[in-house]
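Subject: Structure for your review

Dear colleague,

Please find below the structure that I would like to hand over to you. I ask that you keep it open while you read the notes that follow it.

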Amino acid sequence: MSILRQFEEAFRLEKPLHGLRVVVIHIETKTAYLAWVLRSVGAQVAVTGSNPDSTKDEMVAAMAAEGLHVYARYGASPARNLHDARNR
């Protein structure tokens, strides 16, 4: 995680990813941190789960509370995630 922290500190003010859309696929603590760092350097970030059985609902809630677009929940099928994303 220290490389992500260094990246964030180096580019937080510059925002080199401004306007870039990024999708993070997989929801756990490490990828949640990646999503937050990408957003802090300017990217528009959406997060979805690739494996519904490994999706961490507490991470989903934390990311949504921080304003990230999250389309996943534990046990949801890929079709359900897609439906949620299209109807948001």
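A salt bridge joins the side chains of E8 and R12, with a distance of 4.0 Å from N to O. Please bear in mind throughout that this is a predicted model.

**The salt bridges**

How many salt bridges does the count come to? The count comes to 2 salt bridges. As general background, side chains of opposite charge can pair when their charged atoms come close.

In the bridge already mentioned, E8 is the buried partner, because its relative accessible area of 17% is under the 20% cut-off. R12, by contrast, is partly exposed, with a relative accessible area of 38%. E8 is found in helix 1. Apart from neighbours within four places in sequence, E8 is in contact with Y33, V37, S40 and V41.

The side chains of K30 and E28 form a salt bridge as well, at 3.6 Å from N to O. Is K30 buried or exposed? K30 counts as exposed, at 53% relative accessibility. Its partner E28 is partly exposed, with a relative accessible area of 23%.

**The aromatic pair**

The structure holds 1 aromatic pair. F7 and F11 form this pair, which is tilted: the centres are 5.1 Å apart and the angle between the planes is 55°. Why is the pair described as tilted? An angle of 55° is neither under 30 degrees, which would count as stacked, nor over 60, which would count as edge-to-face, and therefore the pair is tilted.

Where do F7 and F11 lie along the chain? Both belong to helix 1 (residues 2-11), and they are 4 residues apart, so about one helical turn separates them. In general, an α-helix has 3.6 residues a turn, so residues three or four places apart point the same way. F7 is partly exposed, at a relative accessible area of 29%, and F11 is also partly exposed, at 26%.

**The sheet**

The structure contains an open sheet of 3 strands in the order 1-2-3, with parallel pairing. Which strands form its edges? The edge strands are strand 1 (21-25) and strand 3 (69-71), each of which pairs on one side only. From one strand to the next, the twist averages 20°.

Strand 1 and strand 2 are paired in the parallel sense over 5 bridges. Strand 2 (residues 44-48) and strand 3 also run parallel, and 3 bridges join them. Within that second pairing, A46 has H69 in strand 3 as its bridge partner.

The residues of strand 1 divide between two faces: V22 and V24 are on the covered face, whereas R21, V23 and I25 are on the uncovered one. This can be read beside a general rule. In a regular strand the side chains alternate between the two faces of the sheet.

**A closer look at V24**

V24 lies in strand 1 and stands opposite V47 in strand 2. Is V24 buried or exposed? V24 is buried, with a relative accessible area of 6%. Not counting residues up to four places away in sequence, V24 touches T31, A35, L38, V45, A46, V47 and T48. One of these contacts, A46, is 22 residues away from V24 along the chain, yet the C-alpha atoms of the two are separated by 6.3 Å.

**Helix 3**

Which residues of helix 3 are buried? In helix 3 (residues 57-65), the buried residues include M59, V60 and M63. These residues lie on the same side of helix 3, because they cover an arc of only 105° around the axis.

What covers the buried residues of helix 3? The cover includes helix 2 (29-40), strand 2 and strand 3. On the face turned away from the buried side, helix 3 carries the exposed residues E58 and A65. Just after helix 3, G67 takes a positive phi of about 95°.

I would suggest reading these notes with the structure in view.

With kind regards

Note on methods: Residues numbered from 1 in each chain as written. Predicted model: local features only at pLDDT ≥ 70, side-chain atom pairs only at ≥ 80, totals over all residues. Heavy atoms only, no water. Phe/Tyr/Trp six-rings, centres within 6.5 Å; stacked < 30°, edge-to-face > 60°. Buried < 20%, exposed > 50% of the residue type's maximum accessible area, 1.4 Å probe, protein only. Contact = heavy atoms within 4.5 Å. Pairing = 2+ DSSP bridges. Axes fitted to C-alpha atoms, helices over the stretch in contact; angles between N-to-C directions. Arc of directions from axis to C-beta.
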